[in-house]
Amino acid sequence: VDSTLALYGVRHIIVGHTIMENIQPWYNGKVIAIDVNHHYGNHQALYIDKKSFYRISHQGKKEKIN
């Protein structure tokens with residue numbers, strides 16, 4: 001992960017593909033997985049505010065994830 005971040009000159013990578021229960025950080029917050037199952041009512045959003053990442057639920061609950 002660190003070599004990929006360095007190659008592209010970034011601090012984080014956002015990924016989707018494998019459906020997760022929740023938006024969640026991997027590799028000490030360097031990778032953020034955002035693919036949740038919207039087809040079954042699991043609606044979430046990733047909110048980025050400066051250097052912080054938050055998971056927003058469909059009820060509007062904001063939870064810091066890194």
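**Group meeting: one helix, six strands**

From the N terminus on, the elements of this protein run α-β-β-β-β-β-β. That makes one helix and six strands. Before I go on, please keep in mind that this is a predicted model.

Some overall figures. The protein has 66 residues, and 26% of them count as buried. The C-alpha trace spans about 35 × 25 × 15 Å along its principal axes. The accessible surface comes to about 4,900 Å², and carbon and sulfur atoms account for 53% of that. If you take contacts between residues at least 6 apart in sequence, 17% of them join residues at least 24 apart.

Now the sheets. I will take them in the order of the chain.

One open sheet has three strands in the order E1-E3-E2, with mixed pairing. Its edge strands are E1, residues 13–15, and E2, residues 24–26, and each of these pairs on one side only. Neighbouring strands here are turned by 30 degrees against each other on average, ignoring direction. E2 and E3 run antiparallel, and three bridges join them; E3 covers residues 31–33. To find one bridge on the screen, look at Gln-24, whose partner in E3 is Ala-33.

Strand E2 also holds Trp-26. Is Trp-26 buried or exposed? Neither: its relative accessibility is 33%, so Trp-26 counts as partly exposed. Together with Val-1 and Tyr-27, Trp-26 forms a nonpolar patch on the surface, and the three have about 300 Å² of accessible area together.

The other sheet I want to show is also open and has three strands, in the order E4-E5-E6, with antiparallel pairing. E4 and E6 stand at the edges with a single partner strand each, so one side of each has no neighbour in the sheet. Neighbouring strands in this sheet are turned by 30 degrees on average, again with direction ignored.

Let me walk through the pairing. E4 is residues 44–49, and six bridges join E4 to E5 in the antiparallel sense. The hairpin of E4 and E5 has two residues between the strands, and Lys-50 there takes a positive phi near 55 degrees. E5 then pairs with E6, residues 62–64, over three bridges, also antiparallel. That second hairpin has four residues between its strands, and Gly-60 in the turn has a positive phi of about 95 degrees.

Ile-56 is a useful residue to look at in E5. On the E4 side, Ala-45 stands opposite Ile-56. In E6, the residue opposite Ile-56 is Lys-62.

How many residues of E5 are buried? The strand runs over residues 52–57, and six of its six residues are buried. In a regular strand, side chains alternate between the two faces of the sheet. In E5 both faces are covered: Ser-52, Tyr-54 and Ile-56 are buried on one side, and Phe-53, Arg-55 and Ser-57 on the other.

Next, Gln-44, which is found in strand E4. Gln-44 has a relative accessible area of 14%, and the cut-off for buried is under 20%, so Gln-44 counts as buried. What does Gln-44 touch, leaving out residues up to four places away in sequence? The list is Glu-21, Asn-22, Ile-23, Val-36, His-38, Arg-55 and Ile-56. Gln-44 and Ile-34 are ten residues apart in sequence, and their C-alpha atoms are 8.3 Å apart.

Last topic: charges. Side chains of opposite charge can pair when their charged atoms come close. A search of the whole structure finds two salt bridges.

One joins the side chains of Lys-30 and Asp-2, at 2.6 Å from N to O. This pair links distant parts of the chain, 28 residues apart: Lys-30 is in the loop between E2 and E3, and Asp-2 is in helix H1, residues 2–8. Both ends are partly exposed, Lys-30 at 25% relative accessibility and Asp-2 at 48%.

The other joins the side chains of Arg-55 and Glu-63, at 3.2 Å from N to O. These two residues also stand opposite each other, with Glu-63 in E6. Arg-55 is buried, at 13% relative accessible area, whereas Glu-63, at 35%, counts as partly exposed.

To recap: there are two salt bridges, and E5 sits between E4 and E6 in its sheet, with six of its six residues buried.

Technical notes. Residues are numbered from 1 along each chain as its sequence is written. This is a predicted model: local features need pLDDT of at least 70, side-chain atom pairs count only at pLDDT 80 or more; totals for chains, interfaces and linings use all residues. Side-chain values use heavy atoms; hydrogens and water are left out. Two strands pair if DSSP finds at least two bridges between them. Axes are lines fitted to C-alpha atoms, for helices over the stretch in contact, and angles run from 0 to 180 degrees between N-to-C directions. Patches are made of residues with over 30% relative accessible area and no salt bridge: like charges are joined within 9 Å, nonpolar side chains (Val, Leu, Ile, Met, Phe, Trp, Tyr) within 5 Å. Accessible areas come from the Shrake-Rupley method with a 1.4 Å probe; for residues, only the protein chains shown count as cover. A salt bridge is a side-chain nitrogen of Lys or Arg within 4 Å of a carboxyl oxygen of Asp or Glu. Buried means under 20% relative accessible area, exposed over 50%, partly exposed in between (1.4 Å probe, protein chains only). Contact means heavy atoms within 4.5 Å.
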